[in-house]
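Reader: Could you walk me through this structure? I should like to begin with one helix and then move outward.

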Amino acid sequence: MPTRLAERLRAARDRLFVGREAELARFRAALEAEAFPVHVLHVFGPGGVGKTSLLRAFLRLCRAGNVAALYLDGRDVEPEPQAFLAALREARGLPPGEWPLETLAARAERLVLLVDTYETIAALDGWLRERFLPALPEHVLVVLAGRDVPAPAWRVDPGWQALVEMIPLRNLDAEDGRAFLRRRAVPEDQFQAILAFTHGHPLATSLVADLIDQQPQRPFEPSQAPDVVKTLLEQFVQQVPGPAHRAALEACALVRFTTEDTLKELLDAPDAHALFAWLRGLSFIDAAPRGLFPHDLAREVLAADLRWRNPDRHADLHRRARRCYTARLKHADAQTDHTVLSDYLFLQRDHPLVRPFFARLQSQWEASDPILPDAAQAADWPALAAMVEQHEGPQSARLARRWFERQPEGVHVFRDDTGQRLGFTLTLTLDRAAPADRAADPATHAAWRYLETRAPLRPGEHATMFRFWMARDTYQDVSPVQSLIAVRRVRHYLDTPGLAFSFVPCRDPAFWEMLFAFADIHRLPEAGFELDGHAYGVFGHDWRAVPPAAWLDLIAERSAGMTTPAAPAPRPEPIIVLSRSGFDDALRDALRGFARPGMLHGNPLLRARMVIDRTGLDADEAARSDALCRLLEDAAAALAASPRDARYFRAVHGTYFEPAPSQEQAAERMGLPFSTFRRHLKRGLARLAEILWEQETGNVVRET
């Protein structure tokens, strides 16, 4: 039988694995004991120290001892209990709907569950410790490997003290470092300088070996820079095989995950297979089901180096990545939308305005409890109302209780690992609220008045308000809870069908104004209100004028410069939001000008949403005129394809697309009485308008 690639990969990894004898002996002893002496092994150490390599060695020991083993990578699991159980079910090969805990309990054979990159699902730590792990049978051993020191609860709980063992992972000692360099075929006269420079850090040692592979005749000279990995990468980047490889490395550092298709789009390369294979072979590039990714430190250094060395190249790659993800977002379904959104937001991670709101700073993560988003239950209402009263006052609390009853589906709670409520949001759909309820709340009353006078909703459109959004302890200040609220808000913008307008009330509008303006969410003085002695500023965005895809492009363009604006960023020329009657009038004018060049100039439909969706906000009038003509032709073709509407199409076609000198002559060409022709033309125009209105609003208009 031919050797499988997986076996060759395993053999290559085995050959380069050195040291860790104490850790391997501890694990081997656990496997060989009659009963597992402990049930959790906590492996922890800094990035690049070799945690993943050690877990692979544990897997080899399991195979050698005929012990079943499952491997989960935390990077592939959303930090939610159901997502973790789904990943476990998939790894176990269970059918959908089967409960993995019941299956594990029903089988008698030993099992080792290895969870890598545990720091990425740290929010689940309490849930795993208090709920998941106690439900496992005693013949299951769990290995958790992450960067962070295990939470104190593992050490102070009398029960876990006897069932968990901590395994801190350190650098390789000098002998193991030399053994590794021998296996990498590094000349022995280089060993002393290399190990003095890397101090046995596995990733750093591997990077030096890569560097020597690129320039075998050049002696290694340690840099005096304090950041070992940074120094290594700065030297390595200069030694890539060619410009295409350098570009592939830069692209890989910019995006969250890299696939061959991603490289094709970012590098405009017809075939990226060879570049992808080269990336895959680098020691600081790892693989996950969604693609390749560099070690965190390597990513940071590569991206910073590119921004400093070639800012134009960085901006171009950033722009290509934005376009790539925007196209994917337009076609994402409910299952992939969040994944694509996460990839898109990852691009903005370094902007000084965006970073605090879309990612918690490391110090915040370490200082805060794990936070889990959860649907609210009726049992939550009293505690949430008390939270509102604490921060806003008794009248606000009464309104909150009223809205909890009216629109409970809009409440989302953020909890710690014990179930305690750390914050919540209440998102109202204003057009679905009863007029009496809207009028009773100063916030919704002012917002609805704004809509009626400044931005009326059209049939099928919705307006929403983030009526309450707060952390229990810090209210609307920047905090870990507020970071998660910000992500939920963005998901709401992208996922809500028919969303026309959204409102966000703030108690401290001056603090939020610059960030919201950066995100094209602008203060609406007419929608402000007072309650319980507090004045609230309200911010809003018309999603008909700048739809979600264009909004993402706008934010990404603003963030590409990586600078903080001194004033709110200017808005682009907006899409024109037409009423139905205005839309029909503009359509008739467009049809009259279809066959005459230049007659579409100034037509409102040139800045309608259906046109901008095809051309983008920055297209010139010629491109938008061409797009409008194509839309008219496509709508007419849909009319012609319908057996019921084909006769109406003939009247429209003979009047506007290939016009006769007069309608009388058009009727004569068709062999119809003039009155019949006029009736067909009227009906054809109505059907054409219905088809295009559906595209403009995204709502199906049914015939009556």
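**A helix and its cover**

Author: Helix α31 spans residues 646-657, and its buried residues are Tyr-648, Phe-649, Ala-651, Val-652, Gly-654, Thr-655, Tyr-656 and Phe-657. Buried means under 20% relative accessible area, exposed means over 50%, and partly exposed lies in between, with a 1.4 Å probe and protein chains only. Helices (H or I, at least four residues) and strands (E, at least two) are DSSP runs, numbered from the N terminus.

Reader: What covers the buried residues of α31?

Author: The cover includes α28 (580-593), α30 (621-641), α32 (663-670) and α33. Contact here means heavy atoms within 4.5 Å.

Reader: Before we go on, on what footing do these values stand?

Author: This is a predicted model, in which local features need pLDDT of at least 70 and side-chain atom pairs count only at pLDDT 80 or more, while totals for chains, interfaces and linings use all residues. Residues are numbered from 1 along each chain as its sequence is written, and side-chain values use heavy atoms, with hydrogens and water left out.

Reader: How many helices and strands are there in the protein chain?

Author: The protein chain has 33 helices and 15 strands. Of its 704 residues, 52% are buried. Among contacts between residues at least 6 apart in sequence, 70% join residues at least 24 apart.

Reader: And what does the accessible surface come to?

Author: It comes to about 32500 Å² for the protein chain, and 52% of that belongs to carbon and sulfur atoms. The areas come from the Shrake-Rupley method with a 1.4 Å probe; for residues, only the protein chains shown count as cover.

Reader: Turning to the interior, which residues have the most contacts inside the largest nonpolar core?

Author: They are Leu-249, Leu-263, Leu-267, Leu-279, Phe-284, Tyr-493 and Trp-551, in a core of 64 residues. Helix α13 (residues 243-254) gives the most to this core, with 7 residues. Another core, of 38 residues, lies apart from it and includes Phe-657, Ala-667, Leu-688 and Ala-689. A nonpolar core is a set of buried Ala, Val, Leu, Ile, Met, Phe, Trp, Tyr and Cys residues joined through side-chain atoms within 4.5 Å.

Reader: At what angle do α13 and α15 cross?

Author: The axes of α13 and helix α15 (residues 273-280) cross at roughly 65 degrees and come within 10 Å. Axes are lines fitted to C-alpha atoms, for helices over the stretch in contact, and angles run from 0 to 180 degrees between N-to-C directions. From α13, the contact is made by Ala-244, His-245, Ala-248, Leu-249 and Cys-252, and from α15 by Leu-275, Trp-278 and Leu-279.

Reader: Now electrostatics: how many salt bridges does the count come to?

Author: The count comes to 38 salt bridges, each being a side-chain nitrogen of Lys or Arg within 4 Å of a carboxyl oxygen of Asp or Glu. In one of them, the side chains of Glu-165 and Arg-26 meet at 2.5 Å, N to O. Glu-165 lies in strand β5 (residues 164-168) and Arg-26 in helix α2 (residues 21-32), so this pair ties together parts that are 139 residues apart in sequence. Glu-165 is partly exposed at 22% relative accessibility, and Arg-26 is partly exposed at 21%.

Reader: Are Glu-690 and Arg-687 buried or exposed?

Author: Both Glu-690 and Arg-687 are buried. They form a salt bridge whose closest N and O atoms are 2.7 Å apart. The two residues are 3 apart in helix α33 (residues 674-697), so they are separated by about one helical turn.

Reader: Which residues are linked in a network of salt bridges?

Author: Glu-250, Arg-309, Arg-313, Asp-316, Arg-319 and Arg-320 are linked in this way.

Reader: Lastly, backbone geometry. Where does Arg-20 lie?

Author: Arg-20 lies in the loop between α1 and α2. Its phi is positive, about 60 degrees, although it is not a glycine. Most residues other than glycine have a negative phi. At 10% relative accessibility, Arg-20 counts as buried. Asp-532, which is not a glycine either, has a positive phi of about 55 degrees, and it sits in the loop between β14 (529-531) and β15 (534-542).
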